[in-house]
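This briefing is for a reader who is new to the structure shown below. Please look it over before reading the points that follow.

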Amino acid sequence: MSKKVLITGITGFAGSHLMDYLLEYTDYEVYGIKRVNSSLRNIHHALDKITLLDADLLDETSLIRVLREIQPNQIYHLGALSWVTPSWDMPAVYMQTNAVGTINLLEAMRVTGCQARVLTSATPEEFGDVPKELLPITEETRIKPINPYAASKVAQDMVCITYHASYGMDIVRTRAFNHEGARRDKHGAIASFAYQIARIEHGLQEPVIKVGNLSATRNFTDVRDTVRAYYLAMEKGISGELYLIGTDQIYTMEQVLQMLIAASSKADEIKVEVDPARVRPTELMTFIGDYSKFKSMSGWEIQYPLQETLESVLAYWREFVGKGLY
């Protein structure tokens with residue numbers, strides 16, 4: 001019998017790409033939960049290949065019903081609030097969704113006797129602003145969040161550690177560094193750059209790109225490589241362990257922006273302007289990690305260089321802006 005896989009957050013950015021990967025490369029039955037009235041834009045192309053059920057991470061009763069109906073073998077827990085900037089305006093909502101929502105899922109598993117293996121995806125934002133002398137970041141780097149989003153993910157991670165220790169739940173934990181690609185909402189920096197470029201190319205805005213802090217350094221992974229890493233962590237990872245997922249493709253946001261502009265037909269006309277509203281109260285300047293633990297366990301290597309990732313992002317926004325969908 002093929003495995004039954006449940007994805008929380010299937011309608012989101014990473015969740016929809018994970019769905020694509022599982023449908024193409026495995027024979028697993030793919031299930032997803034969605035909130036009532038959730039947008040299905042990211043998964044509309046595969047609605048005939050998956051089973052969707054209405055549920056909410058903030059409603060344990062709905063999760064119990066879903067688990068009893070599906071009886072999944074694996075649960076990819078990707079459902080979360082993940083934008084950093086709004087978390088300063090609604091910290092309680094982030095804590096409820098990311099931490100309490102995870103408690104609800106794990107409690108629903110206890111109530112139903114669900115023995116599924118769970119993969120959780122957290123964030124390197126949890127490490128805070130790591131001093132250069134302590135880089136690269138490893139699984140052992142101390143936790144010191146500096147924004148409400150990161151704090152909520154720390155809480156989520158601690159919940160998973162607790163349920164693994166207390167109840168023997170089979171949970172594999174990951175922290176994925178920046179992953180980019182088509183379908184990310186335009187609130188993300190790279191998506192925002194590409195969205196604005198597409199609008200400029202279609203004559204819908206002046207040739208000025210509004211930006212926040214461009215000096216921050218990040219490493220970038222294509223989302224298609226990241227979800228393949230999730231799959232490998234689920235299949236091969238050791239229960240209770242934490243794995244960092246990322247690459248050595250290290251760039252400043254300024255460099256990434258210039259790569260995107262260079263790919264535009266309006267490159268010679270585009271100017272860049274800092275928008276104070278896009279500058280965060282606190283900013284993590286350097287994200288450089290050591291991913292040897294995960295790579296040695298899984299054999300994972302990237303298949304998509306950053307330039308190819310950026311091309312996919314531009315193509316996505318050109319299509320949607322061209323159709324008048326944004």
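The points below cover one helix, one strand and a set of salt bridges.

This is a predicted model, in which local features need pLDDT of at least 70 and side-chain atom pairs count only at pLDDT 80 or more, while totals for chains, interfaces and linings use all residues. Residues are numbered from 1 along each chain as its sequence is written, and side-chain values use heavy atoms, with hydrogens and water left out.

**Helix α5**

- Helices (H or I, at least four residues) and strands (E, at least two) are DSSP runs numbered from the N terminus.
- Helix α5 covers residues 189-201, and its end C-alpha atoms are 18 Å apart, which agrees with the 18 Å expected for 13 residues at 1.5 Å a residue; the expected span is 1.5 Å times one less than the number of residues.
- Twelve of the 13 residues of α5 are buried, so the helix is largely enclosed by the rest of the structure. Buried means under 20% relative accessible area, exposed over 50%, and partly exposed in between (1.4 Å probe, protein chains only).
- Among the buried residues of α5 are Phe193, Tyr195, Arg199 and Glu201.
- The buried residues of α5 pack against β7 (179-180), β8 (208-211), α7 (253-262) and α9 (306-322), where contact means heavy atoms within 4.5 Å.
- Gly203 follows α5 and has a positive phi, near 70 degrees.

**Strand β8**

- Side chains alternate along β8: Ile209 and Val211 point to one face and are buried, whereas Val208 and Lys210 point to the other and are not.
- β8 runs parallel to strand β13 (residues 271-274), and four bridges join the two; strands pair if DSSP finds at least two bridges between them.
- Val272 in β13 stands opposite Ile209.

**Salt bridges**

- The count comes to 16 salt bridges, each being a side-chain nitrogen of Lys or Arg within 4 Å of a carboxyl oxygen of Asp or Glu.
- Arg318 forms a salt bridge with Glu201, with the closest N and O atoms 2.8 Å apart. This pair links distant parts of the chain, as Arg318 lies in helix α9 and Glu201 in helix α5, 117 residues apart.
- Arg318 counts as partly exposed at 29% relative accessibility, while Glu201 is buried, with a relative accessible area of 19%.
- Arg184 and Glu180 meet in a salt bridge through their side chains (3.2 Å, N to O), and both residues are buried.
- Asp275 and Arg278 also meet in a salt bridge (3.4 Å, N to O); Arg278 counts as partly exposed, at 36% relative accessibility.
- Glu126, Asp157, Arg173 and Arg175 are joined into one network by salt bridges that share partners.
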